[in-house]
Amino acid sequence: MGDTGRGFPTYCRCGTRVIRLTSKTITNPGRLFHKCPYGNENNRHHLFKWTDESMVEEIEDMKQKFDEIERASSTIEKGLQVCESEMESLAIETRTCCSVVSGYEKELRGFEKEIEDVKMELKSLKNMVVCVVVFGLLYKLFM
């Protein structure tokens with residue numbers, strides 16, 4: 001029983017723990033109730049409450065909480081669907097990026113091969129220039 005006084009009581013207004021008993025009266029035979037050991041049904045200063053009424057309040061409060069949980073669950077489910085959709089989009093983007101990167105890697109390997117080929121050509125040209133210079137010097141020397 002919370003601050004509202006609804007549901008199953010545990011303590012009386014006076015601070016004493018309540019007890020649950022069974023009515024033995026002619027008007028309410030066998031009916032369960034909660035009461036303060038210091039009070040009775042007609043004493044408003046101490047707690048007296050029928051258990052069936054407490055149970056109805058508990059059920060009503062639980063229904064309300066269940067509805068709140070159901071609404072929250074629905075909101076979370078919608079959020080989850082949005083996240084899943086976003087994850088699918090990101091997965092597609094990731095695959096696209098991987099494909100682009102793979103293409104760039106192939107292109108880079110091609111450029112590296114071209115650079116190696118150009119280096120080899122430069123070495124050949126350098127060797128040819130050296131040979132021409134050496135032959136030119138030899139020609140001048142002997143002619």
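**Exercise 1. Find what the side chain of threonine 51 touches, and say whether threonine 51 is buried or exposed.**

Start with the distance: a polar atom of the threonine 51 side chain sits 3.2 Å from the backbone nitrogen of phenylalanine 33. Next, place the residue: threonine 51 belongs to helix H1. (Helices are DSSP runs of H or I with at least four residues, strands are E runs of at least two, and both are numbered from the N terminus.) Last, check the cover: threonine 51 has a relative accessible area of 8%, so it is buried. (Buried means under 20% relative accessible area, exposed over 50%, partly exposed in between, with a 1.4 Å probe and protein chains only.)

A quick word on what you're looking at: this is a predicted model, where local features need pLDDT of at least 70, side-chain atom pairs count only at pLDDT 80 or more, and totals for chains, interfaces and linings use all residues. Residues are numbered from 1 along each chain as its sequence is written, and side-chain values use heavy atoms, leaving out hydrogens and water.

**Exercise 2. Work out which side chain lysine 49 contacts.**

First, locate lysine 49: look in strand E3. Then follow its side chain, which makes a polar contact with the side chain of glutamate 57 at 2.4 Å. (A polar contact is a pair of N or O atoms within 3.5 Å; within protein, one must be able to donate a hydrogen and the other to accept it, and residues adjacent in sequence count only if both atoms are side-chain atoms.) Finally, lysine 49 has 10% relative accessibility, so it counts as buried.

**Exercise 3. Decide how many disulfides there are, and check cysteine 97.**

Search the whole structure and you get zero disulfides. Cysteine 97 is in none: the nearest cysteine sulfur, from cysteine 98, is 7.1 Å away, while a disulfide needs two cysteine sulfur atoms within 2.5 Å. As for cover, cysteine 97 is partly exposed because its relative accessibility is 46%. Cysteine 131 is partly exposed too, at 41%.

**Exercise 4. Find how far apart glutamate 53 and serine 85 are.**

Count along the chain first: they are 32 residues apart. Now go through space: their C-alpha atoms are separated by 48 Å. Glutamate 53 is in helix H1, and at 40% relative accessibility it counts as partly exposed.

**Exercise 5. State how confident the predictor is in the chain.**

Take the average: the chain has a pLDDT of 90. (pLDDT is the predictor's confidence in each residue, from 0 to 100.) Then check the spread: 97% of the residues score at least 70.
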